[in-house]
Amino acid sequence: MTTFVLTAGAWLGGWAWDEVTPLLEAAGHRAVPITLAGLAERRDETAGLETHVRDVVAAVEAVEAAEAVGGGDGGGTVLVGHSYSGVPVGIAAARLGDRLRRTVFVDANLPVHGQPFVASLPDGGTVVRRAIAAHGTDWPPLPPAAFAAHGLAPDHTRDLLARAVPHPGATLTDPVDLPRPLASLTATYLHCRRDGSPLRPDAAALTDGGHWQSAVIESSHWPMLSVPAELAAALLAEAER
């Protein structure tokens, strides 16, 4: 039995995995969706990037403790990070090392040592920084048209925005402290392809040999909402690697 620790992207909480979790469990595995500080039911908590990294590490350590109590006969932990959460998940994975079976990045941003999340955006984060400044300390959810531009259907966009909350701004602007190169991880980059969109260059470089693999699903940027069965199948394939 593999344990999947699932972390969604900006504005979302553990609820985003509601349709994926039962599919993983039906296949005989354990699913642990987590909510990062400052989001969903933890909205009132203050968070920076290090807070989110610690949230992820703590979730994995809780899984390890539970497996130890149960005799330690589990199938290992697959750590999953979607979109923004690829940054704290990547840092956490670098800290955890061989304690993880594999790390899966679902259409995710990847951490770069010394740089913040916003540095990876096409404009270097100018628009996001302005939105954070205008909103106080948080990044508000994007308007519906932005989700449509990333392939999300109107009904899924409506469902997402009904539960989305502003994202803690400091987690997007704090610089990354990466303890070892991402290339040293045993990882898979799951590309959500839309209209033939290519794999992002930083992920393509990592999946060109070494410990990294790549996989593709036809989906919006939010596959847990748009194609949960296909996403679950892709994650289950990772448990077999």
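This is a short talk about the fold of one predicted protein model, from the whole chain down to a few single residues.

Hi everyone, two bits of housekeeping before we start. Residues are numbered from 1 along each chain as its sequence is written, and side-chain values use heavy atoms, with hydrogens and water left out. Since the model is predicted, local features need a pLDDT of at least 70 and side-chain atom pairs count only at pLDDT 80 or more, while totals for chains, interfaces and linings use all residues.

Let's begin with the whole chain. How many helices and strands does the protein chain have? There are ten helices and eight strands. Both are DSSP runs, numbered from the N terminus: helices are H or I with at least four residues, and strands are E with at least two.

The C-alpha atoms fill a box of roughly 50 × 40 × 35 Å along the principal axes. With 241 residues, a compact globule would have a radius of gyration near 18 Å, and this chain has 17 Å, so the two agree. That radius is taken over C-alpha atoms, and the globule rule is 2.2 Å times the number of residues to the power 0.38.

How much of the chain is buried? Of the 241 residues, 51% count as buried. Buried means under 20% relative accessible area, exposed means over 50%, and partly exposed is in between, with a 1.4 Å probe and protein chains only. On the outside, the chain exposes about 10200 Å², and carbon and sulfur atoms supply 54% of that area. Those areas come from the Shrake-Rupley method with a 1.4 Å probe, and for residues only the protein chains shown count as cover.

One more number for the whole chain: among contacts between residues at least 6 apart in sequence, 76% join residues at least 24 apart. A contact here means heavy atoms within 4.5 Å.

Now for the sheet. Strands of a sheet pair through backbone hydrogen bonds, either parallel or antiparallel. Which is it here? Six strands form an open sheet in the order β2-β1-β3-β4-β7-β8, and the pairing is parallel. At the edges are β2 (30–34) and β8 (212–218), each of which pairs on one side only. From one strand to the next, the twist averages 20°; axes are lines fitted to C-alpha atoms, for helices over the stretch in contact, and angles run from 0 to 180 degrees between N-to-C directions. To call two strands paired, DSSP has to find at least two bridges between them.

Please find β3, residues 77–82, on your screens. Six of its six residues are buried. In a regular strand the side chains alternate between the two faces of the sheet. In β3, T77, L79 and G81 point one way, V78, V80 and H82 point the other way, and all are buried.

What sits beside β3? Five bridges join it to β1 (residues 3–7), where L6 has V80 as its bridge partner. Another strand, β4 (residues 102–106), is also joined to β3 by five bridges, and V78 stands opposite R102 there. Together, β3, helix α3 (residues 86–96) and β4 make a right-handed β-α-β unit. Right-handed means that, with the strands pointing away from the viewer, the path from the first strand over the helix to the second runs clockwise.

Over at β7 (residues 187–193), seven bridges lead to β8, and one pair of partners is L190 and A215. H191 also lies in β7. Is H191 buried or exposed? It counts as buried because its relative accessible area is 7%. Beyond its neighbours within four places in sequence, H191 is in contact with several residues, including D107, P198 and V216.

Let's finish in the loops. W11 is found between β1 and α1 (21–26), and W11 is buried, with a relative accessible area of 4%. W11 is not a glycine, yet its phi is positive, at about 75°. A40, in the loop between β2 and α2 (49–69), also has a positive phi, near 50°.

Last stop: H150, in the loop between α5 (144–149) and α6 (154–163). H150 is partly exposed, at 34% relative accessible area. Although H150 and H221 are 71 residues apart along the chain, their C-alpha atoms are separated by 5.9 Å. Not counting residues up to four places away in sequence, H150 touches R194, S220, H221 and W222. Thanks for listening!
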